[in-house]
Amino acid sequence: MKFFIDTANLKEIAIAQSWGILDGVTTNPSLMAKEGIKGHDNILKHYVDICNIVDGDVSAEVIALDFDGMMREAEILATLHKNIVVKVPMTKDGIKAVKALSNQGIKTNCTLVFSAGQAILAAKAGATYVSPFVGRLDDISADGIALISQMVNIFTAQDYKTQILAASLRHPMHIVQCAEIGVDVVTCPFNSIEQLFHHPLTNSGLEKFMEDFKKSQQ
Ligand code: G3P
């Protein structure tokens, strides 16, 4: 299972990269806005800065909602760096764009997916990744992890090449559940990745080892 970080914060990306477990980055317009990145040129530069930190796929989302606009933006984004993946929303124009970009050999991530039917469309269109939003389904009392499970079953049965990129993950157990189900990629906020490190028995065990080592040296 590949680990992507779901942030546009360069510091968080650099720290996760330094741990040696990072395979890529996902961003979206909200995450870019959170970092205060404004203006066309600054946004493009920020994507390049991210690509210079991580040697893996970096999703950059189009803003246009119409097919022609999405294609124009996608062509600019795709030339920024070899690792850019063009993120396109799950709409009719979005699926058309995914198909056209996939025909051109441009990597895509179909985002804002909330049902198995939408995921099938993304796979049929040749998306490189499809992003179901787990946490946002949980938010409305649906079962985000159940959708991931259903998608893994369908993609296995149909031998779809599109990778399932579980998004909107909110806590470490979401990551563990995705791993159990056999998802291809998880994209997680920095805190959720960081929380995976922690266990109280690791801390107390290490403390005891250090204490005993010191005693043995006296
Ligand atoms: O990758 C999609 C993700 O950024 C959405 O997460 O927590 O805003 O639902 P969240």
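A residue is called buried when its relative accessible area is under 20%. The legends below describe a predicted model.

**Figure 1. The whole chain, with its helices and strands.** The chain contains eleven helices and eight strands. Along its principal axes, the C-alpha trace spans about 75 × 40 × 30 Å. Of the 218 residues in the chain, 45% are buried. The chain exposes about 11100 Å², and carbon and sulfur atoms supply 55% of that area. Among contacts between residues at least 6 apart in sequence, 56% join residues at least 24 apart. The chain carries 19 positive and 24 negative charges, and the mean positions of these two sets are 2 Å apart.

**Figure 2. T111 in strand β5.** Strand β5 covers residues 108-113, and T111 is part of it. T111 has a relative accessibility of 1%, so it counts as buried. Leaving aside neighbours within four places in sequence, T111 is in contact with E61, with K87, V88, P89 and M90, and with S131 and F133.

**Figure 3. Helix α4 and what covers it.** Helix α4 runs over residues 67-80 and has 14 residues. At 1.5 Å a residue it should span 20 Å, and its end C-alpha atoms are 20 Å apart, so the two values agree. The buried residues of α4 are G69, M70, M71, A74 and L77. An α-helix has 3.6 residues a turn, so residues three or four places apart point the same way. The cover over the buried residues of α4 includes two helices, α3 (40-53) and α5 (92-103), and two strands, β3 (57-61) and β4 (84-89).

**Figure 4. Cysteines C51 and C178.** The structure holds zero disulfides. For a disulfide, two cysteine sulfur atoms must be within 2.5 Å. The cysteine sulfur closest to that of C51 belongs to C188 and is 19 Å away, which is too far for a bond. C51 is buried, because its relative accessible area is 5%. For C178, the closest cysteine sulfur is also in C188, at 8.1 Å, and this too is too far for a bond. C178 has a relative accessible area of 0%, so it is buried.

**Figure 5. Two loop residues with positive phi, D159 and S168.** Most residues other than glycine have a negative phi. D159 is not a glycine, yet its phi is positive, near 55°. D159 lies in the loop between α8 (144-158) and β7 (163-166). Its relative accessibility is 54%, so D159 counts as exposed. S168 is not a glycine either, and its phi is positive at about 55°. S168 sits in the loop between β7 and α9 (172-181). Unlike an exposed residue, S168 is buried, because its relative accessible area is 9%.

**Figure 6. E35 in the loop between α2 and α3.** E35 is found in the loop that lies between α2 (29-34) and α3. With a relative accessibility of 28%, E35 counts as partly exposed. Not counting residues up to four places away in sequence, E35 touches A8 and N9. E35 and I84 are 49 residues apart along the chain, and their C-alpha atoms are separated by 19 Å.

How values were computed. Residues are numbered from 1 along each chain as its sequence is written. This is a predicted model: local features need pLDDT of at least 70, side-chain atom pairs count only at pLDDT 80 or more; totals for chains, interfaces and linings use all residues. Side-chain values use heavy atoms; hydrogens and water are left out. Helices (H or I, at least four residues) and strands (E, at least two) are DSSP runs, numbered from the N terminus. Buried means under 20% relative accessible area, exposed over 50%, partly exposed in between (1.4 Å probe, protein chains only). Contact means heavy atoms within 4.5 Å. The expected span of a helix is 1.5 Å times one less than its number of residues. Accessible areas come from the Shrake-Rupley method with a 1.4 Å probe; for residues, only the protein chains shown count as cover. Lys and Arg count as positive and Asp and Glu as negative; His and the chain ends are not counted. The place of a charge is taken as NZ of Lys, CZ of Arg, CG of Asp or CD of Glu.
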